[in-house]
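Q: Could you take me through one part of this model up close, starting from the end of a helix? After that, please carry on to whatever else in the model rewards a careful look.

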Amino acid sequence: VDRLDALEAKSIAIFREAYSELDRLAMLWSLGKDSNAMVWLAKKAFFGHLPFPVAHVDTGLEFPEVYAFRTRYAKEWGLDLIVAPCPPIEAMDPTLPPAARSASRKTAGLKDLIEARGFTGIIAGIRRDEEGTRAKERVFSPRGADARWNFRDQPPEFWDQYLILKGAGAHTRVHPLLHWTEVDVWRYIQREGIPFNELYLARDGKRFRSLGESDITFPVASTAASLEEIIAELEVTRVPERAGRAMDHETEDAFERLRVDGYM
Amino acid sequence: MDARRDLVRVVLAGHVDHGKSTLVGRLLHATDSLPEGKLETVAKVSSRRGRAFEWAFVTDALQAERDQGVTIDASHIKLRMAGGDIVLVDAPGHREFIRNMITGAATSDAAVLVIDALEGIQEQSYRHGFLLDFVGIRQLVIVVNKMDLVDFDPARFAAIESALAAYLATLDIAATAIIPISARDGDNVATRSERMPWYRGPSVLEALSAFRPPAAPLDLPLRLPIQAVYKFDDRRILAGTLLSGRLAVGDTLLFSPSNKTARVKSIEAWGPSPPPRTAVAGQPVGITLDLPLFIERGELASHVERAPVETTAFRARLFWLSPEPLRAGQDLTLYHLTARVPVTVQTIERVRDPGARDGLSAATGAPDTVAQDSIVDVVVRARDLIALDAYTEHRWAGRFVLVDKDRVVAGGLMSMQGFADQRPSATPKSAHIYQSKALISPAMRTARNGHGGAVIWLTGLSGAGKSTIAHEAERRLFERGYQVYVLDGDNVRTTLNADLGFSPEDRSENVRRLGAAASLFAEAGFVAMVAAISPYAADRARARDAARAPFHEVWVRADVAVCEQRDPKGLYKLARAGEIKNFTGVAAPYESPSGADLVIDTTDQTIEQSVATLLDYVTIAVGATR
């Protein structure tokens, strides 16, 4: 049992726990490397089946390559895909800095989806090593009717025992990749032969480390044009994964405000 | 993958302001691990708050943490090292956030406990030390920080070192190194300090390099908690993750607590490679069986040999997390492996404060309620059988979480001390038993005898009067024409139970046989009166369940003091002198009945009064027509 096996084992156990304990479950499929790895892990957890829908909370601002990927793999993988729209930017909190305000449309779209379909569990592919506030998350993160993250009063979580709260309008965020690192995900994609978007590969000296909305996501300098080169780059790079995500860098608290409000 | 060591997670624990965050910062700096732009960001964030460069802001990412200078929740940050990377988990030092410290520690493979050389070992040092051991950390390094504030005094270090040694001796955990450092200046962090030539051990980085990722317990017996049963297609798949041991197609599995067995027909997996024939600890599996057994989530699969214990009661050491005090008699939900079971905390035996210097040796007695952050020794009781392993036998299967409605209130470690494994008596050992059908019905016997058959079970302390009352009642009933017989615990121990002693297991078996024999007498139409201490509630409950005739529990009640004064057989005297071990009421527990059908308090009654009470009850209970 090597490291990737151990990571995979923990994720599979989390998927099975979520499916046993939460009756209305959906998995967010943002079409990036992490959520593709999640689809793969879920299929392993359920022996080739995916017993809940996947949801793409769609701002309409994804890169064209992302939409092409969605069309292709929704069909190839036989996914029960929900495309959930997001409210317009005008409806968002105007006190947020511009990129964060744009990103907050996703939170709003997700909340609308949860309410419309009555989901009690939302599986999201966030990881601890991505960002400081995500590092403090729980595997099963309880959310009230307002979907907010109450970081001041998180349940203790130990020995793989997860508390799942049930209440009117409440839902649980399930994070099966929380313990993975960026390079773990790429090594797993390599080992398992999981498809990924070509935007991650360098073109003209730049590549996307992290995929988001086209208006607020930028490529970083890189020459990694293959899976092997991406892994080699991540072994040594000191550029943070989310360097190209504008919403993280506008103000000190912008990302935290998004997350407390229910962003992934 | 290459030959580098796999990533290891290391939690930094210790009292508030003893320098955890500074050490994290120093380690990140020494290994050049910070991402590009992070130093500049932290400098900006620090000056915005009118502070000098604050290392804690690297990991304290939340506004509330930065504004108040407090770590609320554990953070995780990567340390790049030549031999293989390490993730540092910076745990909160404030007592208020101890649940978050536990969460951080439980996801870690090793720990560094930070202690201030000037302040010495403080409340949270003890508490965190205890909790590291409790959550299962087995690799520990201790650093004595701020040596610059004590002029690098070897005597000061030696004093802390020996105090630590005494403290660690009370835990299962041993420190691989105790390192004097100055995190602020970098002494003994990445390189050996010239200011402490008297120290010859490893630097912090060297000590961290020696940590290893955890190995799954391959050599312990197979434990496979069933997490779910899936029927997505024509396969009925039992899914779970192997907690320990090994599994192969063709193995016979025993499912507990249902006590069903079946063979593994296949191991199922999704993917291009052929399905595996074997699996080992740490791997998630799906299996199909050769028999269509009804198995549910919560069962624990093992091999038939080296199976887990089955019990309705166990002892446990709890760490009580809730601000609401624990009360004896409190109903909670046990989360054990994949089982969720309603339980009652029957008895609080001992309460201690892990933050006290002598926390682990000093007892604060057994009060009625328990405060937050206490270590509590309790007896936990469930209505139905639970499959478990004692923590000392299997630390992954011997631990659990307690939940009160929507709150995690405790973690616990299981012990079977003083309790018997109920599996042997719950399991018929022979197969191919075909019960023959009787031609005489109970009604026919009742018609002839003028009363029904029944088990009258007299339980109570030695000296309470069980045998005296039973034999006298037997005589009176016999004279009135009843079919009646007394099975006296002591008498049966010279015959049917001559092979049994007084260990918890033997006592349990003694009671099981008495129950089975009494049931046969009752079926034969007799009023079968059992007089036996039968100290365990679970055993009496089992006798009631096993009886194939009406069963009446009679508590012959008298306090230990009263019984000891009577001491008709001189046994209390011997027990007090240590010549009889495990004597009930002296060195072994007596679990009082909570729902006895009849209580006869013999403290102030004459034998005549007690016998009359029993006779009144029995004649009505057996529906006497004579």
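A: Happily! Right after helix H13(B) comes Gly525(B), whose phi is positive, near 100°. Please keep in mind that this is a predicted model. H13 itself covers residues 504-523 of chain B, 20 residues in all. From first C-alpha to last the helix reaches 29 Å, close to the 28 Å expected at 1.5 Å a residue.

Within this helix, Glu505(B) is a good residue to zoom in on. Its relative accessible area is 41%, so Glu505(B) is classed as partly exposed. Setting aside neighbours within four places in sequence, Glu505(B) is in contact with Phe419(B), Ala420(B) and Asp421(B). Leu574(B), on the other hand, is 69 residues from Glu505(B) along the chain, and 22 Å separates their C-alpha atoms.

A second place in chain B makes a nice companion to that one. Asp597(B) sits in the loop between helix H16 (571-576) and strand S28 (598-601). Asp597(B) counts as partly exposed because its relative accessible area is 35%. Not counting residues up to four places away in sequence, Asp597(B) touches Arg544(B), Phe551(B), His552(B), Glu553(B) and Tyr617(B). One of these partners, Phe551(B), is 46 residues away along the chain, with 9.2 Å between its C-alpha and that of Asp597(B).

Now for some backbone details. In chain B, the peptide bond from Ser256(B) to Pro257(B) is cis, with omega near 10°. Pro257(B) belongs to the loop between strand S11 (252-256) and strand S12 (260-268). Two residues other than glycine are also worth a look for their phi. Asp17(B) has a positive phi of about 65°, and its place is in the loop between strand S1 (8-14) and helix H1 (20-30) of chain B. With a relative accessible area of 62%, Asp17(B) is therefore exposed. Ala147(A) has a positive phi too, near 70°, and is found in the loop between strand S5 (140-143) and strand S6 (171-174) of chain A. Its relative accessible area is 3%, so Ala147(A) is buried.

Next, the interior. In soluble globular proteins, nonpolar side chains tend to be buried together. Here, the largest nonpolar core has 84 residues, and those with the most contacts inside it are Leu23(B), Leu132(B) and Leu208(B). Not counting residues up to four places away in sequence, Leu132(B) touches Val11(B), Ala13(B), Met101(B), Ala105(B), Ala111(B), Ile137(B), Leu140(B) and Ile173(B). Apart from that core lies another, of 83 residues, including Val39(A), Tyr162(A), Trp180(A) and Leu199(A).

The aromatic rings tell their own story, with 35 aromatic pairs over all chains. Trp186(A) and Tyr200(A) form one that is edge-to-face, at 5.1 Å centre to centre and 80° between the planes. Trp186(A) lies in helix H5 (residues 182-192), while Tyr200(A), 14 residues apart from it, lies in the loop between H5 and strand S7 (206-207) of chain A. Trp186(A) has 0% relative accessibility, so it counts as buried. Tyr200(A) is buried as well, because its relative accessible area is 1%. Another edge-to-face pair joins Phe255(A) and Tyr263(A), at 5.9 Å centre to centre and 75° between the planes. Both of these residues are buried. Ring pairs also link Tyr19(A), Phe46(A), Phe47(A), Phe52(A), Tyr230(B) and Phe232(B) into a cluster.

Some rings have a charge over them. In chain A, Arg259(A) lies over the face of Trp149(A), at 4.7 Å from the ring centre. In chain B, the charged end of Arg493(B) sits over the ring of Phe502(B), 3.9 Å from its centre.

Finally, a word on confidence. Chain A has a mean pLDDT of 94, and 100% of its residues reach 70 or more. Among the elements of chain A, strand S1 (residues 25-28) has the highest mean pLDDT, 98, and helix H7 (residues 254-260) the lowest, 90. For chain B the mean pLDDT is 90, and 96% of its residues reach 70 or more. For the complex, the predictor gives an ipTM of 0.95 and a pTM of 0.82. Where pLDDT is low, the predicted coordinates should not be read in detail.

Note on methods:
Residues are numbered from 1 along each chain as its sequence is written. Chains are lettered from A and ligands numbered from 1 in the order in which they are written. Side-chain values use heavy atoms; hydrogens and water are left out. Helices (H or I, at least four residues) and strands (E, at least two) are DSSP runs, numbered from the N terminus. The expected span of a helix is 1.5 Å times one less than its number of residues. Buried means under 20% relative accessible area, exposed over 50%, partly exposed in between (1.4 Å probe, protein chains only). Contact means heavy atoms within 4.5 Å. pLDDT is the predictor's confidence in each residue, from 0 to 100. A nonpolar core is a set of buried Ala, Val, Leu, Ile, Met, Phe, Trp, Tyr and Cys residues joined through side-chain atoms within 4.5 Å. Rings of Phe, Tyr and Trp (its six-membered ring) pair if their centres lie within 6.5 Å; planes under 30 degrees apart count as stacked, over 60 as edge-to-face and the rest as tilted. A charge sits over a ring if NZ of Lys or CZ of Arg is within 6 Å of the ring centre and within 35 degrees of the ring normal.
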